[in-house]
Structure formats: C-alpha cells, structure tokens
Amino acid sequence: KSSVVSLIPRLYDVSAGQVLFDGVDIRDMDLKTLRKHIGYVPQKGVLFSGTIASNLRFGNDEATGEEIRRAAKIAQAADFIEEKEEKYDSPIAQGGSNVSGGQKQRLCIARVLAVQPDVLLMDEPCSAIDPTSVSKVEDLMAELAPEMTIIIVTHSMQQAARISDKTAFFLLGEIIEYNDTTELFSRPQNKKTEEYITGRFG
C-alpha cells in the first residue's frame, strides 16, 4: 500500500500502466511542479532541529507567519503551540524529541499544509499516536476533505469505515476490491474481502 502511494509523487515510477493527475500522465509533468501539488505525511513524521516556525516552513520557505499559523490551526496544532512561552519560536530538538508523538504528527501535517497541496497523502498517520490524537487527526481529515483529495493508508478497518468515501482493499500487493466504503464493508463483491472483513483471515 505504501509503495502504491509512493508512485503518486514519483518516488518510484510505474513499470506498467499510468498514474494520472488531472488526466495527465505524471511522467509527462515536471517533477518539481508535480510535487508542489502533493503533500506527503509519512508513517513516522520527522522534525528537524530549529524552531516550530522553521519546521513549518520546511516545504515552503516563503510561507508567511499568517500562512503557517493557519496551517497549524487547521492541523489542530495551534493550541499547544500557543501554550508555549515562545510560541512559534519555541525550539524543536532533532527528531522532535521534545514534543509528544501526537504533537509531532500534527506539526508534520501542518508543515505539509503550509505548502497548500491539492492532494494529501497520509501513510499510517495514526499508527504511533494515542487515541485522543487519532481523533484529532480524523477530525482534521474530515475538515480538509472538501478542499483536497486525501489518500490514507491504514491497517485499521474501523478507521477506513469511519473516515473514507472510497476504500481499496489490498492483499499481498494486489488490489482485491475498490468501491464506495459503505458498499465495500456492507456488501463486498469479492470473497477475500468478505473473509477479511468478517475476521476469517487477516
């Protein structure tokens, strides 16, 4: 699943078929232009030594103070930032070791949002954070959905059922079924999908 997501920003190129962006084969697009449209949040977000502001500007060093504050607010990171004495000038240790896992993930999402992407790729964004932070990230995705395309990789069937409009079920590197989420979970067309959903394997 992560490999498929990595095809979209051309971290890898397809060996067969096409990946289309607005109807255009991404291999025909300028790489820098393509990646300006795409935000990527990896499974384990990485922060760099510096300040909160410098981290949020990492993908867009021309972002204004207002733009990074808006990105932080949308990512539900603004509250804990504002509680810090130095706010956006607060120091961040290498790797983000001086903030919690949930705060780190929300800062990584805010950094991506500061680029103002059209497509947001999220690879297991909730795998290493607590349930409260998971709820905040899911609320964030629901808020962003009208503004951009969001593709999320998750092992949690419950999360997929809660937040997605469409779901693709992968098994051993193959797409077994793709459908509207409600349809896939309530009336799966493929026996393997049904067996996975009902817990007979997986």
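**Figure 1. Most-connected members of the largest nonpolar core.** In this predicted model, the largest nonpolar core holds 34 residues, and those that touch the most other members are Leu-56, Ile-81, Tyr-88, Leu-107, Ile-109 and Leu-113. Two or more residues each are given to this core by helices H3 (52–56), H4 (65–74), H5 (78–83), H6 (101–113) and H7 (131–144), and by strand E6 (119–123). H6 supplies six residues, the largest share of this core.

**Figure 2. Surroundings of Leu-56 and a separate core.** Residues up to four places away in sequence are not counted here; beyond them, Leu-56 touches Ile-68, Ala-72, Tyr-88, Leu-107, Ala-110, Arg-111 and Ala-114. Another core lies apart from the largest one and has 13 residues, including Ile-8, Val-19, Leu-121 and Val-153.

**Figure 3. The loop residue Gln-43 and its contacts.** Gln-43 sits in the loop that runs between strand E3 (38–41) and strand E4 (50–51). Gln-43 counts as partly exposed because its relative accessibility is 36%, which falls between the 20% limit for buried and the 50% limit for exposed. Outside its neighbours within four places in sequence, Gln-43 is in contact with Gln-105, Asp-123, Glu-124 and Ser-127. One of these, Glu-124, is 81 residues from Gln-43 along the chain, yet the two C-alpha atoms are separated by 4.9 Å.

**Figure 4. Leu-20 in strand E1.** Leu-20 belongs to strand E1, which covers residues 20–21. With neighbours within four places in sequence set aside, Leu-20 is in contact with Asp-25 and Ile-26. Ser-54 is 34 residues from Leu-20 in sequence, and the C-alpha atoms of the two are 33 Å apart.

**Figure 5. Gln-76, a loop residue with positive phi.** Most residues other than glycine have a negative phi. Gln-76 is not a glycine, but its phi is positive, near 60°. This residue is found in the loop between H4 and H5. Gln-76 has a relative accessibility of 23% and therefore counts as partly exposed; the limit for buried is under 20%.

**Figure 6. Lys-87, with positive phi in the loop after H5.** Lys-87 is placed in the loop between H5 and strand E5 (91–92). The phi of Lys-87 is near 50°, again a positive value in a residue other than glycine. Because its relative accessibility is 35%, Lys-87 counts as partly exposed.

**Figure 7. The whole chain, for orientation of the close-up views.** The secondary structure of the protein consists of 10 helices and nine strands. Its C-alpha trace spans about 55 × 40 × 30 Å along the principal axes. The radius of gyration is 18 Å, which agrees with the value near 17 Å for a compact globule of 202 residues. Of the 202 residues, 38% count as buried. Among contacts with a separation of 6 or more, 60% are made by residues 24 or more positions apart.

**Figure 8. Surface and charge of the protein.** The protein exposes about 11500 Å², and 48% of this area is supplied by carbon and sulfur atoms. There are 23 positive and 30 negative side chains. The centres of these two sets lie 3 Å apart.

Conventions:
Residues numbered from 1 in each chain as written. Predicted model: local features only at pLDDT ≥ 70, side-chain atom pairs only at ≥ 80, totals over all residues. Heavy atoms only, no water. Core = buried A, V, L, I, M, F, W, Y, C linked by side-chain atoms within 4.5 Å. Buried < 20%, exposed > 50% of the residue type's maximum accessible area, 1.4 Å probe, protein only. Helix = DSSP H or I, 4+ residues; strand = E, 2+ residues; numbered from the N terminus. Contact = heavy atoms within 4.5 Å. Rg over C-alpha atoms; globule rule 2.2 N^0.38 Å. Areas by Shrake-Rupley, 256 points an atom, 1.4 Å probe, with all protein chains shown as cover. Lys, Arg positive; Asp, Glu negative; His and termini not counted. Charge placed at Lys NZ, Arg CZ, Asp CG, Glu CD.
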